[in-house]
Amino acid sequence: METSKEMEMKNIPTQASQKFRNFPMVPRVVFGNGSFDQLGDILLPKRKNSDVPIIYLVDDVFEDSDLHARIPRIFSDQIIFISADEEPKTEQVDALVQMIRESYVEMPSGIVGIGGGTLLDLAKAVAILLNNKGNAADYQGWDLVRRESVYHVGIPTISGTGAEVSRTTVLLGTEKKLGINSDYTTFDQVILDPELTKGVPKEQWFYTGMDCFIHCIESLNGTYLNAFSQSYGEKALDLCKEVFLDTIAEEESRNKLMMASWHGGMSIAYSQVGVAHALSYGLGYQLGIKHGLGNCLVFQYLEEFYPEGVAIFNEMRKKHQIELPKDVCSKLSDHDFDAMISIAMGMEPLWENALGENWKSVITPAKLKSIYKKI
Ligand code: NAD
Ligand code: ZN
């Protein structure tokens, strides 16, 4: 079965002629505290006419916030609040697309996602599906999208996943958790306003921030590493160390973590993630554990693979007094373990990146079970 992060960056060319992958990048980006207020001006030239809306998909944590009032909603624009309690689903994307299609005669002028990885991924997927026939599940995979997406803007409100810069949107379907990886997935515009991350609860700040830290460790210690990935990965790692180990002012910390997320995402674009992500996907699929927390739960037990990274992670955890949940896998049956192991083992590119071509000589179902049992 194909699962999610075979996805994130399967480093295999789609056509035999493509020896080197030709990645899209976000063509426009604004950075700065308060830059959110430029959104209205940015959208103005994209508006087709007053009857064609901009649709804002917004994390419902902002429903009663000052940010809600700052959204430049004019004419027939619509704000749709969405909960980020669960990771995005293919049916959720299909329902949103149907609702938008039924509400307006013309295709929206743009889709704006405001939130964390969950809302950013939803916005990317809705923008693709509005202009492509069929259902979201039809496009989970690599380069299956044929027509360009509706203009879409990403505005992160929490830092770490790199979803703002990646060419994938990770969706949970009925049969698989897999990204829509395509050149049309990447945002047309990103607004990086670190002030928007002010209200993030401490635990969530740590879990999502550690997603970035783990991207760096897995990329920098992987066999797929190259100078492109290394240059971004090293910068992101330095920024993570400043944010999570040094004592720096809050504003500086928010600014740096937002840029760490960006660089971490760029680093894995041209390499791959590794052991923690492979195992975390098993936890996500089987137990619904969210990406950032899942990565942390696994990573603490990976000293065999990433000794230096795990030592730094433990130091960071201690400094911020983060207690990770315990006994997460204690009540699982053998059948559950087998299902998780099969998902994790299926992430071949991740294992190959982490351990090289002969990874199967190190990674066995028994080995993975022993790690899961500690969690
Ligand atoms: P999230 O979007 O799931 O949000 C986590 C929690 O933080 C939610 O409760 C949300 O409401 C809250 N939150 C967000 N911003 C807030 C703010 N400013 N103030 C208060 N609360 C706030 O978090 P995430 O870790 O950024 O995203 C996880 C998702 O990202 C997963 O679905 C994962 O699959 C996906 N992901 C995607 C990519 C990609 O490249 N597309 C990469 C990694 C992860
Ligand atoms: Zn990740």
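**The surroundings of ligand 1**

The largest pocket is the space taken by ligand 1. The model is predicted: local features need pLDDT of at least 70, side-chain atom pairs count only at pLDDT 80 or more, and totals for chains, interfaces and linings use all residues. Residues are numbered from 1 along each chain, and side-chain values use heavy atoms, without hydrogens and water.

Student: What makes Lys290 a polar contact of ligand 1?

Tutor: A polar contact is a pair of N or O atoms within 3.5 Å. A polar side-chain atom of Lys290 lies 2.6 Å from an oxygen atom of ligand 1, so the pair meets the cut-off.

Student: Why does the pair of Asp121 and ligand 1 count as a polar contact?

Tutor: Here a polar side-chain atom of Asp121 is 2.8 Å from a nitrogen atom of ligand 1, and therefore the pair falls within the limit of 3.5 Å.

Student: Which residues around ligand 1 are the closest?

Tutor: Ligand 1 is surrounded by 29 residues (each with a heavy atom within 4 Å); Asp59, Thr118, Ser166, Thr208 and Lys290 are the closest.

Student: How many residues of each class does the shell around ligand 1 have?

Tutor: The shell has 10 nonpolar, 11 polar and eight charged residues; Asp, Glu, Lys and Arg count as charged.

Student: Which element gives the largest share of the shell?

Tutor: That element is α5, with four residues.

How values were computed: Chains are lettered from A and ligands numbered from 1 in the order in which they are written. A polar contact is a pair of N or O atoms within 3.5 Å; within protein, one must be able to donate a hydrogen and the other to accept it, and residues adjacent in sequence count only if both atoms are side-chain atoms. On a 1 Å grid over the protein atoms alone, a cavity is a set of points where a 1.4 Å probe fits but cannot get out, and a pocket is an open set with protein on both sides within 12 Å along at least five of seven lines; lining residues have an atom within 4 Å of a point. A molecule sits in a cavity or pocket if more than half of its atoms lie within 2 Å of its grid points. Helices (H or I, at least four residues) and strands (E, at least two) are DSSP runs, numbered from the N terminus.
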